[in-house]
Each structure stands twice: as C-alpha cells, then as structure tokens.
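Q: I would like a close look at one part of this model, with its surroundings described in order.

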Amino acid sequence: MEFIEDSSILAITDDFPIRTDQPIHKGKVRSVYWLNRKDSQRLIKQKKYKVPLNTPLAIMIISDRISAFDCVWYGKNNIKGVPGKGASLNAISNYWFKLFKKNNLADNHILDIPHPLVWVVRKAKPIMIEGICRRFITGSMWRSYKDGKRKFCGLTLPEDLKENMELPKLLVTPSTKGIIKGVPGIPEIDDIHITRENIEENFSVFNFLKMEDISQYEKLLKEGFSLISNRLANVKLTLVDTKFEFGYVTDVYGKQKLLYIDEVGTPDSSRIWDTQAYQMGNTVENSKEKFRQLLLNYFVDYDILLNKERVLERKQLALNSELPVYFFQKMSKTYVDVAEIITGSRIALAQKPRKEIIQILKNEYNIID
C-alpha cells in the first residue's frame with residue numbers, strides 16, 4: 001500500500017468547530033464533543049433517535065493516531081498517524097454492533113454514523129472496568145506466567161502451559177479503566193489487573209448499580225467474544241483475546257440498562273491471529289499487537305515500554321521518538337486488510353476527512369459554528 005498524503009491522515013481531532021459548552025475530551029485515539037441541551041433535543045427529534053428527549057448526545061471523532069503502551073507514537077517525515085486506521089476501526093465496530101443487534105445481544109451507545117470517522121453517541125455512565133476475555137495465554141498473562149506466577153486476576157492457571165497455547169477455557173480477566181482511588185488492594189494506577197472479588201467488594205466504586213449486574217457484564221463479555229470468535233473463524237482468523245467496555249443508559253421507558261460502549265472486536269481492542277499460520281506453529285498478528293512488537297524490537301531498553309513504574313519516561317520517549325516510516329506502512333496495510341476481510345467490503349479512505357466531516361456536520365446536523 002502506497003503512503004497517502006498528509007491531508008488524508010486525520011491526526012488532530014480536538015479542534016473541530018463543533019458547538020459545545022463543555023470541555024472537549026481528547027482520548028489517545030478519539031475526541032468527544034458533548035452537544036448542548038438544545039442541539040441534543042433537536043437532533044433526537046429531527047433524526048428520530050430512540051432515546052429519551054433529555055438524553056445528552058455527543059459527537060465522537062476517531063483519529064488515525066496510533067497508541068501503544070498508553071502512549072501516542074509518531075513517525076519520521078512528520079507522520080502523525082496511520083492511513084486508514086480510523087475508518088477501519090469504525091467500520092469493524094459498526095459491523096459487529098449490527099451483528100450483535102441481529103443476534104439479540106445487548107445494545108450499544110451509537111445512534112448515528114454521519115461519516116466513516118464519526119459517531120453520534122448517547123451519554124452512558126461507564127463501568128470503570130475493561131472487561132477482557134482471553135482464549136490463549138499470551139501478552140501480559142504469559143509474561144506473568146513465565147515469571148512463575150500461577151494466579152492471574154484471581155484465577156489459578158494450570159501448570160505446563162506454553163506461550164500462545166490455547167487455554168482450557170475462556171477466561172474473564174478484568175482490569176481497571178482509569179484510576180480507582182481509595183480501594184484497599186488496588187493500586188491507584190490506570191489499567192491494573194483486578195479480581196472478581198475486588199469488583200464484588202467494591203461494585204458501586206466501579207459504577208455497578210447492583211451486585212447482580214456483575215454477572216450480567218460477564219455474560220455480555222462471553223456472548224460478545226463467542227459471536228466475534230465464531231465469525232472470524234469463518235474467514236480463517238482466530239480471536240485470541242478482546243476487550244469490551246460497558247455503561248448504563250436510560251431507555252425510552254425510563255429503565256436503566258447495561259450496554260456496550262466504545263469499540264468492539266477491532267485490531268486495537270483485540271489480538272487476532274491468522275488461523276492457518278497458528279496451526280503450523282506460527283503467530284501472525286492482524287492487530288495492533290504487531291505495532292507493539294515493532295516497538296519492543298526497536299527500543300533496546302524495552303522495559304521502559306512494559307514497566308508501569310516508568311510511565312513518565314515512556315511518555316517522554318514517545319514524544320521525542322520519530323519511528324521509521326515502514327512501521328506506519330505496515331500498520332496501514334494491517335488495519336485496512338483485516339477490516340476488509342471482516343466486513344466483506346472495501347474500506348474507502350477519505351482524501352480530505354476534516355473538510356468532509358465539517359461539511360456534513362454543518363449542512364446535515366447544524367452543529368458547526
């Protein structure tokens with residue numbers, strides 16, 4: 001895949017002239033603009049969104065930035081993102097969310113898709129957990145196991161496991177989403193592995209409304225994993241592990257319900273292997289894990305990428321490093337190829353995404369000042 005001109009890479013997403021009276025939330029990959037009450041209610045009526053009229057709405061714009069080890073990375077020649085990454089991730093999430101609805105899984109927070117890089121979403125109260133399902137021992141679980149630990153997120157792992165081996169059963173291994181403060185046994189650091197017991201003892205701290213919803217969240221985790229895994233098997237891909245996030249919304253009947261938020265089943269939130277290669281004893285990544293491996297091989301002191309106590313050093317490293325161009329070329333091909341395999345459709349890459357987004361949000365949604 002040839003490298004695309006800079007104007008086609010959407011790297012900056014927090015400076016759109018979208019009408020909002022709240023601070024813009026800029027994540028590592030997405031930016032969120034909360035609409036004012038008047039615009040939210042107007043769009044709910046105009047677009048016939050099936051939500052209560054007082055539901056706050058947001059515009060979520062996904063970038064082509066790439067993050068790994070909790071840092072955003074850049075390349076030489078002023079490369080600030082991966083061509084096609086944002087469109088690929090959104091297309092994959094949209095595909096899975098439609099399939100979830102078709103198969104009577106829980107709903108999601110997306111109400112509308114004005115542009116391949118844009119979602120209109122409803123406000124949800126997030127569960128402060130990244131729910132991770134693992135089918136194979138790899139990544140942080142393998143590093144822990146290799147160091148002699150047999151407990152992982154409160155689960156006891158069997159002896160004699162080998163790296164990348166399939167586990168006896170699907171495991172739920174949660175970690176914190178954001179910093180959880182004031183809970184004994186949980187360090188005040190983002191993305192810390194926790195146990196089910198941690199969640200049960202502090203369910204309200206994690207934003208669960210009631211204890212029983214912990215089982216519901218685990219059910220949704222396993223259902224989502226199973227559906228995605230089965231579908232990927234049809235296109236000779238293996239779902240190794242994946243992350244889900246959840247939140248509560250109020251439905252049109254005034255009832256609180258738990259649903260999927262953020263992205264699902266993407267190369268950023270999942271490890272995806274080539275099935276045939278795995279059966280022959282190799283692991284071929286079709287996910288952001290490929291980028292992580294490039295980084296681990298590139299930096300001599302790779303401990304700086306893995307050690308949570310060196311996060312400030314890592315952020316400085318990411319800020320000051322200009323990675324080789326081929327890193328971004330490889331990842332562009334990975335994202336676009338896997339998106340087209342999963343969705344069965346060509347991923348059309350906008351040449352001037354910023355201009356397109358502004359035009360659509362101004363002419364069709366009237367939220368651009």
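How many of the six residues of β3 are buried, and why is β3 described as it is with respect to the rest of the structure?

A: This is a predicted model. In β3, six of the six residues are buried, so the strand is largely enclosed by the rest of the structure. Burial here means under 20% relative accessible area. The side chains of β3 fall into two sets: Leu57, Ile59 and Ile61 point one way, while Ala58, Met60 and Ile62 point the other way, and all are buried. In a regular strand, side chains alternate between the two faces of the sheet.

The strand belongs to an open sheet of five strands, ordered β1-β2-β3-β7-β6 with antiparallel pairing. The edges of this sheet are β1 (25-26) and β6 (110-115), each of which pairs on one side only. On one side of β3 lies β2, joined to β3 by five bridges in an antiparallel arrangement. Within this pairing, Val32 stands opposite Met60 of β3. The pairing of β3 with β7 is also antiparallel and likewise has five bridges; here Ile59 has Val120 in β7 as its bridge partner.

Further out, β2 (residues 30-34) is joined to β1 by two bridges, and these two strands run antiparallel. Lys26 has Ser31 in β2 as its bridge partner. Helix α11 (residues 353-363) packs on the sheet, where α11 touches β3 (57-62), β6 and β7 (118-122). The direction of α11 makes about 120° with that of β6.

Elsewhere in the model, a pair of helices can be described in a similar way. The axes of α7 (residues 289-298) and α10 (residues 325-343) come within 10 Å and cross at roughly 160°. The two helices are therefore roughly antiparallel to each other, and α7 passes α10 in a right-handed crossing. From α7, Lys290, Phe291, Leu294, Leu295 and Tyr298 take part in the contact, meeting Tyr326, Phe327, Lys330, Met331 and Thr334 of α10. These contact residues comprise seven nonpolar, one polar and two charged.

Lys288 is located in the loop between α6 (275-279) and α7. With a relative accessibility of 7%, Lys288 counts as buried. Leaving aside residues up to four places away in sequence, Lys288 touches Ile66, Ser67, Pro267, Asp268, Met331 and Tyr335. Met331 is also among the α10 residues that meet α7. The C-alpha atoms of Lys288 and Arg271 are separated by 7.5 Å, with the two residues 17 apart along the chain.

Notes:
Residues are numbered from 1 along each chain as its sequence is written. This is a predicted model: local features need pLDDT of at least 70, side-chain atom pairs count only at pLDDT 80 or more; totals for chains, interfaces and linings use all residues. Side-chain values use heavy atoms; hydrogens and water are left out. Axes are lines fitted to C-alpha atoms, for helices over the stretch in contact, and angles run from 0 to 180 degrees between N-to-C directions. Helices (H or I, at least four residues) and strands (E, at least two) are DSSP runs, numbered from the N terminus. Angles under 35 degrees count as roughly parallel, over 145 as roughly antiparallel, 65 to 115 as roughly perpendicular and the rest as oblique. A crossing is left-handed if the near helix is turned anticlockwise from the far one by less than a right angle, and right-handed if clockwise. Contact means heavy atoms within 4.5 Å. Ala, Val, Leu, Ile, Met, Phe, Trp, Tyr, Cys and Pro count as nonpolar, Asp, Glu, Lys and Arg as charged, and the others, Gly among them, as polar. Buried means under 20% relative accessible area, exposed over 50%, partly exposed in between (1.4 Å probe, protein chains only). Two strands pair if DSSP finds at least two bridges between them.
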